[in-house]
Amino acid sequence: MTGASRGIGRELALQLAAQGARLALAARTKDRLEAVAAECRERGASTVTVSTDVTSPDQCQALVTRTVAEWGCVDTLVNNAGITMAFRFDELADLTLPDRIMRVNYVGSLYCTHFALPHLRHSRGRIVGVASLTGRAGVPLRSLYAASKHAMAGFFDSLRIELADTGVSVTMIYPDFVQTEVRDRAMGPDGRPVTIAPRSGDFMTAEDCAARIVKAAARRRREIIMGARGKVGMWLKVIAPGAVDAIARKAIRQVRIE
């Protein structure tokens, strides 16, 4: 699992640990990753950690190699690593940000999937992609992030069709706004961190989000769109796309950037 050191990834690890899973946890921050691994072991899981920058193909390959060396197989790959942003596109000051966001959110998932796929074919395993509702509809202040999640969605939807006769399932996850530490590390137009402060009650908890992901992966669901706002929005996008734009604008007005 990538992006396992905090937020949704941490909650996924803890909930899977409680089920006795054997976990290979990946993230860039080694100390935070080890702390999560320790919590997982307390819950009964066998756990290894692999410090991984998903923008590096060599490190993604090393993650898979270590997992197979430790457990002998790869049963489920959870692509969860991600970074976000919070600014209007016309405010963009650092032109390296589009590439950085795309490489973490989309290309990293592609790398990990490429190296894990032969093992997943053998185990008839599962691929899980944790995207966002912005992978299905545009959201103001998230243009670069939305582009990366659209790319992720297109890639995994295409891969699902290619793998239809292999026994490997592909489950795409589209959460609504989730209250995680990732929002405390969103990038501003110059690449420096800003904080997204929601109104109380507007965001789903990471615990709830992770529980739904675990259930969807276990059932090999094609996709899961979280939250009433998201489900209604997908229908409206077909019959009244302008209304979806209005919903997105309203949702963004409910947060402030600090």
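Two residues are said to be in contact when heavy atoms of theirs lie within 4.5 Å. With that meaning in hand, one can look at the contacts of this predicted model and consider how far along the chain they reach: among contacts between residues at least 6 apart in sequence, 70% join residues at least 24 apart.

**The protein as a whole**

The protein has 258 residues, and buried residues make up 51% of them. Its secondary structure consists of eight helices and 12 strands. The protein exposes about 12,000 Å², and carbon and sulfur atoms supply 52% of that area.

**Two nonpolar cores**

In soluble globular proteins, nonpolar side chains tend to be buried together. In this model the largest nonpolar core has 42 residues, and the members that touch the most other members are L120, I127, L144, F156, L163, M172 and Y174. The elements that give two or more residues to this core are α3, α4 (97-123), α5 (143-162) and β5 (169-174). Which element gives the most to this core? It is α4, with 11 residues.

L120 shows what such a position looks like in detail: leaving aside its neighbours within four places in sequence, L120 is in contact with V74, D75, T76, L77, G125, R126, I127 and V168. Apart from the largest core lies another core, of 31 residues, which includes I8, L23, V36 and C40.

Helix α4 also holds H119. At 29% relative accessibility, H119 counts as partly exposed, because that value falls between the 20% limit for buried residues and the 50% limit for exposed ones. Not counting neighbours within four places in sequence, H119 is in contact with V64, V68 and V74.

**The second largest pocket**

About 640 Å³ of space lies in the second largest pocket. The pocket is lined by 25 residues, and those closest to its centre are L16, R22, L23, D75 and T76. Several elements give two or more residues to the lining, namely α1 (7-17), β1 (22-27), α3 (57-71), β3 (76-79), β4 (126-130) and α6 (206-218). Sorted by class, the lining has 19 nonpolar, three polar and three charged residues.

Some of these names have appeared before, and they link the pocket to the description of the cores: L23, one of the residues closest to the pocket centre, is also a member of the core of 31 residues, while D75 and T76, likewise among those closest to the centre, are contacts of L120.

**Single residues and their surroundings**

S5 lies in the segment before α1. Is S5 buried or exposed? Its relative accessible area is 7%, and S5 is therefore buried, since the limit for that class is under 20%. Beyond residues up to four places away in sequence, S5 touches R10, A27, T29, R32, L33 and V36. One of these, V36, is also a member of the core of 31 residues.

G227 is found in the loop between β11 and α7 (228-239). With a relative accessible area of 16%, G227 is buried, and it touches M204 and R212 when residues up to four places away in sequence are not counted.

A38, by contrast, has its place in helix α2 (residues 30-42) and is partly exposed, with a relative accessible area of 33%.

The table below sets out pairs of residues by their separation along the chain and by the distance between their C-alpha atoms.

| Pair | Separation along the chain | C-alpha distance |
|---|---|---|
| S5 and L33 | 28 residues | 4.6 Å |
| H119 and C73 | 46 residues | 6.3 Å |
| G227 and C209 | 18 residues | 9.8 Å |
| A38 and L14 | 24 residues | 10.0 Å |

**Backbone angles in two loops**

Two loop residues are described here by the backbone angle phi. L141 lies in the loop between β4 and α5, and its phi is near 75°, a positive value in a residue other than glycine. R220 lies in the loop between α6 and β11 (223-225), where its phi is near 55°, again a positive value in a residue other than glycine. As for its surface, R220 counts as partly exposed, at 33% relative accessibility.

Note on methods
Residues numbered from 1 in each chain as written. Predicted model: local features only at pLDDT ≥ 70, side-chain atom pairs only at ≥ 80, totals over all residues. Heavy atoms only, no water. 1 Å grid on protein atoms, 1.4 Å probe; cavity = no way out; pocket = protein on both sides within 12 Å on 5 of 7 lines; lining within 4 Å. Points joined across faces, edges and corners; volume = space filled by probe spheres on them. Helix = DSSP H or I, 4+ residues; strand = E, 2+ residues; numbered from the N terminus. Nonpolar A, V, L, I, M, F, W, Y, C, P; charged D, E, K, R; others polar. Buried < 20%, exposed > 50% of the residue type's maximum accessible area, 1.4 Å probe, protein only. Core = buried A, V, L, I, M, F, W, Y, C linked by side-chain atoms within 4.5 Å. Areas by Shrake-Rupley, 256 points an atom, 1.4 Å probe, with all protein chains shown as cover.
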